[in-house]
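Reader: I am new to this structure and would appreciate a short introduction. May I put some questions to you as we look through it?

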Amino acid sequence: MHHLTLPEAIAGTISVALLLVQLALLRSLVLAELITLYAVQSLFVALISLAVGITERSWELIVLAVLTFGAKVIILPLYMRRLSRDISTRVEIPESINVTLSLILAAAIMGTAILTAGALPLKTGEFLPQADLATTLAIVFVGFLVAILRPNALAQVIAFLTIENGLYFGTVTLAPGLPFVVGILLLIDVLIAVVVFAVLVRILVSQEASASVDVLQQLKG
Amino acid sequence: MSILDGFIVGLPAAAAAASLIVPSRLARPLTACAGLATAACILVAVFQTSHHRGDHDALSALFLLPVAIVYGAVGLYAHWYVVAESPDDAAGETFRREFLALTNAFAFVEVVVPLVTNVPGMWVALEATTIVAALLVRLQGTPAALEAAWKYILIASCGLALGLVAVIVLYAAGERALGTHYSPEWSSYVHLARQLNPDGVRLAFIFALIGFGTKMGLAPMHTWLPDAHGAGPTPTSAMLSGVVLSDAAYVILRFAAIADAALGPTVVQRMFIGVGLLSLFVAAFFLLQQSDIKRMLAYSSIEHMGIVAIGFGFGAPLAVAGALLHVVNHSASKSLAFFAAGRMAARYETREIAGITGSVDALPISGTLFVAAALSLAGLPPFGIFRSELMILTAGFGSPFWIVAAFVLVLLVVAFAGITRWVTATTVGDAPMSVEHGEHAVLPIVGMGLGFCVVLGLGIGVPLALQTLLADASVLIGTTP
């Protein structure tokens, strides 16, 4: 019987936590809560980077864990809080799909992602600890669902950021050897993307006095 | 990195930085010069590669060509465009400087994609094109531009997220052959393809095709494309359609080359044909019912990216060479079409096809060039696209996929009908008296003239250096006999 090593156990526990936070994103309809959820999820991601960094004796991952903590747990959530101060704090939801239904959808997507990753003809022990791939895919796809079902600019930005958290989790657990510079570039990339998103949110707010992207419905066909 | 590469990357970057500092009356000629100089450097680099000198492979060199063609002309075109599109006051000056800086920065990130030799680096460069493009698209400040920018950055970033999954899975697939800590270079993957984990490679290719396919505008992930191309500034539309789509195609091809070497060609071919046919199908029918001239050109981009994917799917050397040539032809024809359409839209003060009549009468040169570019896009001889489509179809009919080739031919006829219908509607006849007559600008005409030389020239004959590159690049991608 295969005994879990400590990093495997930590990765397993944190995957479950990440998935629960991802589901909670659909449950909550207040922007401030969404931002907190993102900060919590980022904390878990920083923790896993730290855990893998310590067990693999890779100082790069430890540095990335610290940077992740600084950027995604502290700076970005604070920044988004400031951004959300001027706008309505409640996230509207489409009438056809209420919270319960969206949670059921998300659960179905997660199930599919986990089953798909499990059913992939990947020979075990060769590469890709399968549960980690499943978690990465589940986070990414539920992130897409959040972006689709929440017609609010900031909620969509948070969806994008959680998708990126899922990808970071995937990078750390599936490809811990990926060069340090890549991790840094990814982090910078996220920061720049958020700034651009913020620019667009500001224009949107100044034009419409809300961050609802419902007004963005002209371009069709 | 050679000195030449330094210029290719450094010129647009320096022009971007300078445009932020100097007033726009200096930044305009500066951008034009940077565009032309970069294009010249790229041509030298491409020529070197075709003679097996320099440090790029044929595929990188080939995908530098769209940058040379489009950025070379964009500089000249933007010289007129920024003045025509902005009021002569402080706000207008801000717009001009921001636009020129972002346009040069856009060219910089676009040219980096084919030059980077490692996989994650290229992903970062591609994501950077998304960010800069979104900033450019929202620049006009209209609600439609804002909506297009928002959709673009959200959809493209989500697509690139899947692309990053592909990068990670590919890295994991190589750990057995290359060790747990290695530098993920394209060349090492291809060399050791047989030792990579085949299931991992297959998974990586699927994610790459969906993820980077979003950036390439392949259906069903194309929904951002008509909005961003339609609502963005015209030079941006030309650079998005002419270069970013081909950059994304380049990345997919690199993944395809690895998958091809690791798994054999069948998987890759079938997937290319699937998405290619769907894109062609969607685009052909949307082309028939457009009312906006730039959106029409956007759907034509989806059509041509579909043809490129199908060419790679056929897999024969002639088809792959044809598809690669098609990428270059499409960049030239599409950017020319956008430039001319932008001139027409500015003169008639509308992008609605119904509002533009007799543009050849009002704008004798731009209107005529629009007709030429549109006929080229519709696939008529003697233009370049006719040649590359013929190469792809000839190879297709000689392959086991001849039914697909027949289907492609039918869809091309539908697309042809759509394009010619709108071209005749906008160009033929007399212009209304209320519309000013005459060109009144030299540099955009020069830029478009250069583009036209490529559109026509590649139809008349393919230079020897380019033929060598096409053959070498086809070998790199891997073809089936």
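**Chain A and its partner**

Author: Of the 221 residues that make up chain A, 46% count as buried. Please keep in mind that this is a predicted model.

Reader: How many helices and strands does chain A have?

Author: Chain A contains seven helices and zero strands. Along the sequence, its pattern reads α-α-α-α-α-α-α.

Reader: And what share of the contacts in chain A with a separation of 6 or more comes from residues 24 or more positions apart?

Author: Such residues account for 75% of those contacts in chain A.

Reader: Turning to chain B, how many of its residues are in contact with chain A?

Author: On the side of chain B, 37 residues are in contact with 37 residues of chain A. Helices that each supply at least two residues to this side of chain B include α5 (119-137), α9 (198-216) and α10 (224-231).

Reader: Which helix gives the most there?

Author: That is α6(B), with 18 residues. By class, the side of chain B that touches chain A has 24 nonpolar, six polar and seven charged residues.

Reader: A different topic: at what angle do helix α11 and helix α12 of chain B pack?

Author: The angle is about 140°, and their axes are 7 Å apart.

Reader: Why are they described as oblique to each other?

Author: An angle has to be over 145 degrees to count as roughly antiparallel, and theirs is about 140°, so α11(B) and α12(B) are oblique to each other.

Reader: Which residues make that contact?

Author: From α11(B) come Ala256(B), Ala259(B), Asp260(B) and Leu263(B), while α12(B) contributes Pro265(B), Val267(B) and Val268(B). By class, this contact has six nonpolar, no polar and one charged residues.

How values were computed:
Residues are numbered from 1 along each chain as its sequence is written. Chains are lettered from A and ligands numbered from 1 in the order in which they are written. This is a predicted model: local features need pLDDT of at least 70, side-chain atom pairs count only at pLDDT 80 or more; totals for chains, interfaces and linings use all residues. Axes are lines fitted to C-alpha atoms, for helices over the stretch in contact, and angles run from 0 to 180 degrees between N-to-C directions. Helices (H or I, at least four residues) and strands (E, at least two) are DSSP runs, numbered from the N terminus. Angles under 35 degrees count as roughly parallel, over 145 as roughly antiparallel, 65 to 115 as roughly perpendicular and the rest as oblique. Two residues are in contact if their C-beta atoms, placed from the backbone, lie within 7 Å. Ala, Val, Leu, Ile, Met, Phe, Trp, Tyr, Cys and Pro count as nonpolar, Asp, Glu, Lys and Arg as charged, and the others, Gly among them, as polar. A residue is buried if 20 or more other C-beta atoms lie within 10 Å of its own, exposed if 12 or fewer, and partly exposed in between; C-beta atoms are placed from the backbone.
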